[in-house]
Amino acid sequence: MPHTAVLLAAASQEQGPGDTLRIALLVSILGAVLLAWFLLRGYRNDDNND
């Protein structure tokens, strides 16, 4: 039985790349939103460009 407890403890320590992928996804979504805002603000029409 002690071997099972050791294996379960080792498995719980290795969570995989979940946090890294979550951070990368958040940064990419934030970057896409900022890029869209930056590009679309150039197409805004303020009626000042006669």
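**A patch and a helix**

User: Which residues make the nonpolar surface patch of about 670 Å²?

Analyst: Happy to help: Leu30, Leu34, Leu35, Trp37, Phe38 and Leu39 make this patch (areas are Shrake-Rupley values with a 1.4 Å probe, and for residues only the protein chains shown count as cover). The model is predicted, with local features needing pLDDT of at least 70 and side-chain atom pairs 80 or more, while totals for chains, interfaces and linings use all residues. Residues are numbered from 1 along each chain as its sequence is written, and side-chain values use heavy atoms, without hydrogens and water.

User: Why is Leu30 called exposed?

Analyst: Its relative accessible area is 53%, and exposed means over 50%, so Leu30 qualifies (buried is under 20%, partly exposed in between).

User: Where does Leu30 sit?

Analyst: Leu30 lies in helix H2, residues 18-41 (helices are DSSP runs of H or I, at least four residues, and strands E runs of at least two, numbered from the N terminus).

User: How do you know that the reach of H2 is close to the expected one?

Analyst: From first C-alpha to last, the 24 residues of H2 reach 35 Å, against 34 Å expected (1.5 Å times one less than the number of residues).

User: What makes H2 hardly covered?

Analyst: Zero of the 24 residues in H2 are buried. For the chain of 50 residues, the buried share is 0%.

User: What is the secondary structure over residues 20-40?

Analyst: That stretch is 100% helix and 0% strand. The unreviewed UniProt entry annotates residues 20-40 as "transmembrane region", though annotations may be inferred rather than shown by experiment.

Key. Buried means under 20% relative accessible area, exposed over 50%, partly exposed in between (1.4 Å probe, protein chains only). Patches are made of residues with over 30% relative accessible area and no salt bridge: like charges are joined within 9 Å, nonpolar side chains (Val, Leu, Ile, Met, Phe, Trp, Tyr) within 5 Å. A salt bridge is a side-chain nitrogen of Lys or Arg within 4 Å of a carboxyl oxygen of Asp or Glu.
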